[in-house]
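This report concerns a single protein chain and describes how its parts pack together. Please consult the sequence and the coordinates alongside the text.

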Amino acid sequence: MTEPSEKAAERVIEFMHDNLGEQLTIDDMARAALFSKFHFSRIFQRATGLSPGRFLSALRLQRAKQLLVSTSLSVADVSLRVGYASVGTFSSRFTRSVGLSPTTYRRLGGFTTQVPVEDGQALVNRPVGRVQGRLTCTPELPGSRIFVGVFPERIPEGRPVQCCILDRPGEFVLDRVPAGVWHILAHSAAEEHTASPTTGTLVGSHGPVVVRRDGLLEVEMTLQPMRIIDPPVLLALLDVRRSAIERVAAERQPVGVSGG
């Protein structure tokens with residue numbers, strides 16, 4: 001990625017942040033990037049790992065998360081603030097991406113005691129492999145636990161097919177990962193409800209990678225401060241009390257999905 005291209009992606013993401021309530025088109029975003037529509041889409045996806053439309057949708061949901069826990073706005077008002085004309089559409093997309101409904105997310109203060117994982121029964125008959133890795137951190141992580149999950153795209157949203165929680169950077173193992181093409185994504189479980197969602201958040205990614213039947217995939221990952229071009233973390237913040245982690249692992253064991 002050349003410097004001018006990355007700067008173009010940064011320009012358009014700042015433009016998105018400033019206009020989340022507007023119905024932005026690809027032409028609007030290309031003009032903000034100072035590129036033709038054709039070149040802009042390719043450049044943006046190469047810089048961020050997502051299409052412009054997917055990134056914009058993620059930013060809208062990220063902002064909605066902040067508004068739900070930091071204001072008394074109704075869910076309908078929040079949906080309008082982030083560019084949704086239909087509160088039903090907003091609620092369904094929020095629930096699918098975050099793992100909680102907007103109302104539940106607000107009631108729990110932005111935290112969840114469960115990691116939403118793919119339906120274990122649907123994975124029982126699929127060929128699986130194993131991911132083994134090492135996670136380092138720059139700068140040193142101040143105390144928060146780390147979430148590591150396997151996702152179909154380069155954005156932590158919806159249900160990972162497998163995940164684990166680390167007390168600190170180091171070795172991790174993800175067993176029974178379905179064979180296929182995946183992204184291994186990590187983020188610190190620090191609170192993110194600030195004016196700047198990137199402040200204090202550390203993220204890491206590796207992929208796309210291919211997990212093969214009965215294979216072992218070894219990966220190296222580094223957690224680094226989140227940049228403006230990194231896709232937002234849409235999963236609800238994990239309540240990292242030990243009791244919550246143990247409960248998640250116990251609930252997943254009967255269907256063959258291990259929490260690590």
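The sections below treat the overall make-up, the helical packing, the nonpolar cores, selected residues and the backbone.

**Overall make-up**

The model is predicted. Its secondary structure comprises nine helices and nine strands. Of the 260 residues in the protein, 47% are buried. When contacts between residues at least 6 apart in sequence are considered, 70% of them join residues at least 24 apart.

**Packing of helices H2 and H3**

Two packed helices are described by the angle between their axes and the distance between the axes. For helix H2 (residues 26-33) and helix H3 (residues 37-48), the angle is about 80 degrees and the axes are 9 Å apart. Angles of 65 to 115 degrees count as roughly perpendicular, and H2 and H3 are therefore roughly perpendicular to each other. On the H2 side, the contact involves Ile26, Asp27, Met29, Ala30 and Ala33, which meet Lys37, Phe40 and Ser41 of H3. Sorted by class, this contact of H2 with H3 holds five nonpolar residues, one polar residue and two charged residues.

Which residues of H2 are buried? They are Met29, Ala30 and Ala33. These residues span an arc of only 100 degrees around the axis, which means that they are on the same side of H2. The buried residues of H2 pack against H1 and H4 as well as H3. Just after H2, leucine 34 adopts a positive phi of about 65 degrees.

**Nonpolar cores**

The largest nonpolar core contains 36 residues, and Phe44, Phe90 and Phe94 have the most contacts inside it. Two or more residues are given to this core by each of helix H1 (3-18), H2, H3, helix H4 (52-70), helix H5 (75-81) and helix H6 (87-98). H4 provides the largest share of this core, with eight residues. Apart from this core lies another, of 22 residues, which includes Leu166, Phe172, Trp182 and Met221.

Phenylalanine 90 illustrates the surroundings of a residue in the largest core. Not counting residues up to four places away in sequence, phenylalanine 90 touches Leu61, Ala64, Val75, Val78, Ser79, Val82, Tyr84 and Pro102.

Serine 97 is found in helix H6. With a relative accessible area of 7%, serine 97 is buried, because the cut-off for burial is under 20%. Leaving aside its neighbours within four places in sequence, serine 97 is in contact with Leu61, Glu157, Gly158, Leu234 and Leu235.

**Histidine 187 and glutamine 224**

Histidine 187 lies in strand S6 (residues 180-188), and glutamine 224 is found in strand S8 (residues 216-225). These two residues are 37 residues apart along the chain, and their C-alpha atoms are separated by 9.0 Å.

Is histidine 187 buried or exposed? Its relative accessible area is 9%, so histidine 187 is buried. Glutamine 224, at 44% relative accessibility, counts as partly exposed.

Residues up to four places away in sequence are again not counted in the contacts of histidine 187, which touches Arg145, Ile146, Phe147, Leu202, Val203, Leu223 and Val233. Under the corresponding exclusion of neighbours within four places, glutamine 224 is in contact with Thr138, Thr201, Leu202 and Val203. Leu202 and Val203 thus appear in the contacts of histidine 187 and in those of glutamine 224.

**Backbone features**

Most residues other than glycine have a negative phi, and most peptide bonds are trans. Against this background, two residues with a positive phi are set out in the table.

| Residue | Phi | Location | Relative accessibility |
|---|---|---|---|
| Arginine 176 | near 50 degrees | strand S5 (residues 170-178) | 37%, partly exposed |
| Aspartate 214 | near 60 degrees | loop between S7 and S8 | 68%, exposed |

Arginine 176 thus has its positive phi within strand S5. Aspartate 214, by contrast, lies in the loop between S7 and S8.

Where is the cis peptide bond with omega near 5 degrees? This bond runs from glycine 207 to proline 208. Proline 208 belongs to strand S7 (residues 202-211).

Key:
Residues are numbered from 1 along each chain as its sequence is written. This is a predicted model: local features need pLDDT of at least 70, side-chain atom pairs count only at pLDDT 80 or more; totals for chains, interfaces and linings use all residues. Side-chain values use heavy atoms; hydrogens and water are left out. Axes are lines fitted to C-alpha atoms, for helices over the stretch in contact, and angles run from 0 to 180 degrees between N-to-C directions. Helices (H or I, at least four residues) and strands (E, at least two) are DSSP runs, numbered from the N terminus. Angles under 35 degrees count as roughly parallel, over 145 as roughly antiparallel, 65 to 115 as roughly perpendicular and the rest as oblique. Contact means heavy atoms within 4.5 Å. Ala, Val, Leu, Ile, Met, Phe, Trp, Tyr, Cys and Pro count as nonpolar, Asp, Glu, Lys and Arg as charged, and the others, Gly among them, as polar. A nonpolar core is a set of buried Ala, Val, Leu, Ile, Met, Phe, Trp, Tyr and Cys residues joined through side-chain atoms within 4.5 Å. Buried means under 20% relative accessible area, exposed over 50%, partly exposed in between (1.4 Å probe, protein chains only). The arc is that of the directions from the helix axis to the C-beta atoms.
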